[in-house]
Structure formats: structure tokens, C-alpha cells
Amino acid sequence: MPQPPTTDLTHRLVSSPAGRIHLVEQGTGPLVLLVHGFPESWYSWHHQLPALAAAGYRVAAIDVRGYGRSSRPGEVAAYRMRELVADNVAVVEALGEESAVVIGHDWGSTIAADSALLRPDVFRAVGLLSVPYSPSGGPRPSEIFARMDGEEEFYVSYFQEPGRAETEIEPDVRGWLAGIYAALSGDTMPGPDLPDPHFITRGATMRERFPAGRLPAWLSEADLDVYAGEFERTGLNGALNRYRNMDRDWEDLTELNGAPITQPSLFIGGALDASTTWLSDAIKAYPTTLPGLIGSHILEDTGHWIQQERPEEINRLLVDWLRSLPAA
């Protein structure tokens, strides 16, 4: 599909409960809000911005609070889910709109889902990439992750202790990012006979299980420079604080336990992504949990960074879905 040049991108800072949210905007038409995951930024959507703009949409890709040029509050609790949803609402209002379609990837998928649940008056449809929707409820998250630990430690548990992952990552941000992007990409992830990079040997570091010496096909040296430059400037604390609020969210969002998302929805996952395989039961439950589901797609030979690994296919699926939605 035709795409406008990336020089048409507009960078903006808008007021939000975080202080300010940085976004990159392109196009005119119904508003589509794009929410990235960890460890990424607005730039994770650089293939989607021009494609969706060319299809007739006003597209805004944000830096989630704690990332990039958005504000980075100091308190861990400032990164709870209700605060992130409030930021999304503030962005819609700052752009002079009453409603938006929200699309998220990785943590952004969960943020998008909770935005749709908490503010159905604002978010009229929701697209979820890589991380399936699974209604909240059940055991406390930290208890679930602790049960996954054994001789090895699950990466979420590793991230939850303030300062621990920062100590590993920040001395070599670029190298660590290259490693995690390769570890979860369809073309460079470790084979099934090698140690799983989602787990950490006790007393070791996460990066010891990352592939070395090869970037995935979707990631150029220039792309890596963009990501590394942002995190070298900001550090990782704000980004990692999202993981440190999972128990707090479990307490905050009890009214959403078991709740379905009734707005029109879309899910796209990668067949090689652990998020898709581990949560396969959540995908099977979509007739109940996503009664407004319009499309669910699993892309073969694709890992976690789905909109960058398979941009043309993702763009086509997103545009087809957006065009199927009722008029704003």
C-alpha cells in the first residue's frame, strides 16, 4: 500500500497525569492510538505510522510514561495501570478528539485492553499484538511467577526487584537491547535445545542466554541506535517499573476480574512467540473474553516483535480491521 514519507511525522508533547506524554503523529481522519511495549518506544511503530496515515487515519504513537521524551515519575506506584490508562485518555483529549481506536503491543497490549475496559466511552475498539487478552483475577501475580521459578528464575521475577535489572542493563544498553531483540525474534531466537532466555540461572544475568553477534533481519544498526540512544539517555528504571506494579494492579482492578472486552477487537500473534504459546488457552477463550472479536491471526515463523518482523502483513491486517469498524 502507498505510504507517505516519514518526514510527514509530527512530534508533540501533550499534558497528562504523568506531566507530559511525547507522541509522534501522522495523517488525518479517525484517531488511532499506538502503545508500545518493553523495551521499546514510539519508534516501534515506525512502519505502521505511514501505512495507517495513507489509509485515511490520524495515527499517534506515544512514548509510554517512563520512556523516551515522556515524563518519568520517580515513584514506582506512578506506573500502575490506572495511571497509564489516564495518560491514554489525556492524549485523546489533548488531540481534540472524543474517541479513538487503541492498538498495543507487548505491555502495550495489556495497557490497550485495560484502556478499553476502564474507559469504553473513549476507546471504541482495541487491537492486541503479541500478548493475548486474559481477564484479570485469580492468584496474585507474584505468587504465579514464584511458582514458575525453580532452579532458574523467571524473567518477570527478575525484573520486579528495583535496581537489579538496571545494574545488568545500563552499563551496556546497546548490547543488551541487541541481545533481547535477537532472543525473541523469529529468525534469531535460540533453538529448543538451548536454554530459554525467559529464565535466568541463579546468580547469573539475563543476557548470558541471549544470542550474540547477529541482529535479527528487521533490526538495522540505525534502528538499534534509535532504541539505544533513548535508553542510554533515560535509563531503564521507568520502563521496568511497569513490572513492579503487577501486584498493585491486581489489587487496583478487582472490578475487572473476569470482564470481557465487548468493543470490536483484533488479535495478532507470532507462532514462535512464547507469549502466544504460553497463553494459548487465553486465545481459545476469545469467544467468551472478546465477544466483539473481528479477527484473530497467528503468523507463522514470527517471534515477539511482530509489527517490525512482519510490517507489511501487520499493516494489511490492521488496515482491513480498521476499515471494518463502525464509523466514529
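Here are some questions and answers about this predicted model, moving from its sheet to its core and one of its helices.

Q: What is the order of the eight strands in the open sheet?
A: Happily, the edges are a handy place to start: E1 and strand E10 (293–299) each pair on one side only. The pairing within this open sheet is mixed, and neighbouring strands are turned by 20° against each other on average, direction ignored. Reading across, the order is E1-E2-E4-E3-E5-E6-E9-E10.

Q: Which residue in E2 stands opposite arginine 12?
A: Strand E1 (residues 10–16) pairs with E2 in the antiparallel sense, over seven bridges. A hairpin of two residues links E1 to E2. Across this pairing, the residue opposite arginine 12 is leucine 23.

Q: Is strand E2 largely enclosed by the rest of the structure or largely open, and how many of its eight residues are buried?
A: Let's count with buried taken as under 20% relative accessible area. Strand E2 covers residues 19–26, and its burial is the reason to call E2 largely enclosed by the rest of the structure. The number of buried residues among its eight is six.

Q: Which residue of E4 is the bridge partner of glutamine 26?
A: E2 and strand E4 (residues 58–62) run antiparallel and are joined by four bridges. On the E3 side, five bridges join strand E3 (residues 31–35) to E4, and these two run parallel. Valine 32 has valine 59 as its bridge partner in E4. For glutamine 26, the bridge partner in E4 is also valine 59.

Q: Which residues of E4 point one way and which the other way?
A: E4 is mostly covered, with five of its five residues buried. Arg58, Ala60 and Ile62 point one way. Pointing the other way, and buried as well, are Val59 and Ala61.

Q: What is the handedness of the β-α-β crossover from E3 to E4?
A: E3 and E4 run parallel, joined by five bridges. Between them, the chain passes through helix H1 (residues 48–54). The crossover is right-handed.

Q: What angle does the direction of helix H15 make with that of E9?
A: Strand E5 (residues 100–105) and strand E6 (residues 123–129) pair in the parallel sense over six bridges, and valine 102 stands opposite valine 126 in E6. Helix H3 (residues 107–118) lies across E3, E5 and E6, running at about 160° to E6. Helix H15 (residues 311–324) also packs on the sheet, touching E3, E5, E6, strand E9 (265–270) and E10. With E9, the direction of H15 makes about 170°.

Q: Which residues have the most contacts inside the largest nonpolar core?
A: This core has 100 residues. Leaving aside neighbours within four places in sequence, phenylalanine 38 is in contact with residues including Tyr67, Trp107, Phe159, Trp176 and Trp305. Those with the most contacts inside the core are Phe38 and Phe159.

Q: How far apart are the end C-alpha atoms of helix H2?
A: Helix H2 (residues 81–94) has 14 residues, so at 1.5 Å a residue it should span 20 Å. Among its buried residues are Met81, Leu84, Val85 and Asn88. The end C-alpha separation agrees with the expected span, at 20 Å.

Q: What is the phi of glycine 96?
A: Glycine 96 follows H2. Its phi is positive, near 75°.

Methods: Residues numbered from 1 in each chain as written. Predicted model: local features only at pLDDT ≥ 70, side-chain atom pairs only at ≥ 80, totals over all residues. Heavy atoms only, no water. Buried < 20%, exposed > 50% of the residue type's maximum accessible area, 1.4 Å probe, protein only. Pairing = 2+ DSSP bridges. Right-handed = clockwise from strand over helix to strand, strands pointing away. Axes fitted to C-alpha atoms, helices over the stretch in contact; angles between N-to-C directions. Contact = heavy atoms within 4.5 Å. Core = buried A, V, L, I, M, F, W, Y, C linked by side-chain atoms within 4.5 Å. Expected span 1.5 Å × (residues − 1).
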